[in-house]
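Hello,

Here is the structure I promised to pass on to you. Please open it next to this message, and I will walk you through what turned up.

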Amino acid sequence: MNRYVDSMIKIVYDIKVYRENIQQIVQKNDVVVELGCHIGNSTRILAELASDGRIIAIDNSPEAGSSMEMVMADYHNVEFINADARLHETLEEVFQKIKKCDLLSVDLGGGYHPDTTFKVYFIWASTLKPEKTIIRNRGLLDFALSAETQEVIKSQKGWLESSGDAGIPPRLKEFKHWSQKIYQEGVDDRKENKD
Ligand SMILES: C[S@@+](CC[C@H](N)C(=O)[O-])C[C@H]1O[C@@H](n2cnc3c(N)ncnc32)[C@H](O)[C@@H]1O
């Protein structure tokens, strides 16, 4: 049984499963942020599926550039940014372009450090509030399936609703584009301390 079938946050390891999930969840008008596009093999799939949408693909490897130029030549809806996804400036650049996305796809490498992968996911998802997220990472998959809990805190979106805007970098918060209903900096924190 697939316990993630109804979840808007998918965690996968196998690249085939990653691409199968992409096939299932991407819609024609989706705005997609792909972190770790490498030479664009999955970007091409995303670009076909979101034919009336937009794909912002990011990678910091030297070999990504020339391949992604070819992807951009083939697909008008793809934009490649050669940058480090861990940097707030990169998120800021993307935020200025799209403000929000429908799908956040994170593949920094299946065996990449789960702590860094989670932090990148948390900050980007907290800021761009994706409806859906897919993360390819072995350590996070192991953690999700190995952990047990008696409590249920579950988000209906691709970002962690229980954390509100907690992951948004302070500099980006200055843009004040967030819903005041969700983001009450300080108020929620003080309330939690009293509880
Ligand atoms: C396994 S490859 C991605 C494969 C691609 N998603 C696909 O489906 O074909 C992982 C990519 O993540 C990139 N990457 C790793 N850390 C990164 C970072 N901090 N910022 C941007 N890209 C990063 C690597 O350069 C590499 O190209």
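Below is what I found, going from the whole chain down to single residues.

**The chain as a whole**

Please keep in mind that this is a predicted model. The mean pLDDT of the chain is 89, with 86% of the residues at 70 or more. Residues 176-190 are the stretch to treat with care, as pLDDT there is below 50. Beyond near neighbours in sequence, that stretch has 8 contacts in the model. Where pLDDT is low, the predicted coordinates should not be read in detail.

There are 8 helices and 6 strands in the chain. Following the sequence from start to end gives the pattern β-α-β-α-β-α-β-α-β-α-β-α-α-α. The chain has 195 residues, and 33% of them count as buried. Among contacts with a separation of 6 or more, 64% are between residues 24 or more positions apart.

**The strands**

A good place to start is strand E2 (residues 31-35). Because 5 of its 5 residues are buried, E2 is largely enclosed by the rest of the structure. Val-31, Val-33 and Leu-35 point one way from E2, while Val-32 and Glu-34 point the other way. Note that Glu-34 is included among these buried residues.

Which strands does E2 pair with? One is E3, joined to E2 by 5 bridges and running parallel to it. Here Val-33 stands opposite Ile-56 of E3. Together, E2, H2 and E3 form a β-α-β unit that is right-handed. Another is E5, which is parallel to E2 and joined to it by 4 bridges. In that pairing Glu-34 is opposite Ser-105, and Leu-35 has Val-106 as its bridge partner.

Strand E5 (residues 103-106) also sends its side chains in two directions: Leu-103 and Ser-105 one way, Leu-104 and Val-106 the other. All four of these residues are buried. E5 is also joined by 4 bridges to strand E6 (residues 132-136), and the two run parallel. Leu-104 of E5 has Thr-133 of E6 opposite it. To get from E5 to E6 the chain passes through helix H5 (residues 114-128), in a right-handed β-α-β crossover.

**Around the ligand**

You will probably want to look here next. The shell around the ligand has 17 residues, and those that come nearest are Gly-36, His-38, Ser-42, Ser-61 and Asp-107. Helix H2 (41-49) and strand E3 (54-59) are the elements that give two or more residues to this shell. By type, the shell divides into 6 nonpolar, 7 polar and 4 charged residues.

**Loop residues to look at**

Trp-159 sits in the loop between helix H6 (138-146) and helix H7 (170-173). Is Trp-159 buried or exposed? Trp-159 is buried, because 26 other C-beta atoms lie within 10 Å. Apart from neighbours within four places in sequence, the contacts of Trp-159 are Ala-125, Ser-126, Lys-129 and Pro-130. Trp-124 is 35 residues away from Trp-159 in sequence, yet their C-alpha atoms are 8.8 Å apart.

One of those contacts, Lys-129, deserves a look of its own. Lys-129 lies in the loop between H5 and E6, and its phi is positive, near 45°, although the residue is not a glycine. With 21 C-beta neighbours inside 10 Å, Lys-129 counts as buried.

Lys-99 is another non-glycine residue with a positive phi, in this case about 65°. Its place is in the loop between helix H4 (88-98) and E5. Lys-99 has 14 C-beta neighbours inside 10 Å, so this residue counts as partly exposed.

Lastly, Gly-111 belongs to the loop between E5 and H5. Gly-111 is exposed because it has 11 other C-beta atoms within 10 Å. Along the chain, Gly-111 and Arg-138 are 27 residues apart, and 5.7 Å separates their C-alpha atoms.

Happy browsing, and do write back with any questions.

Best wishes

Methods: Residues are numbered from 1 along each chain as its sequence is written. This is a predicted model: local features need pLDDT of at least 70, side-chain atom pairs count only at pLDDT 80 or more; totals for chains, interfaces and linings use all residues. A residue is buried if 20 or more other C-beta atoms lie within 10 Å of its own, exposed if 12 or fewer, and partly exposed in between; C-beta atoms are placed from the backbone. Two strands pair if DSSP finds at least two bridges between them. A crossover is right-handed if, with the strands pointing away from the viewer, the path from the first strand over the helix to the second runs clockwise. Two residues are in contact if their C-beta atoms, placed from the backbone, lie within 7 Å. pLDDT is the predictor's confidence in each residue, from 0 to 100. A residue is near a molecule or strand if its C-beta atom, placed from the backbone, lies within 6 Å of it. Ala, Val, Leu, Ile, Met, Phe, Trp, Tyr, Cys and Pro count as nonpolar, Asp, Glu, Lys and Arg as charged, and the others, Gly among them, as polar.
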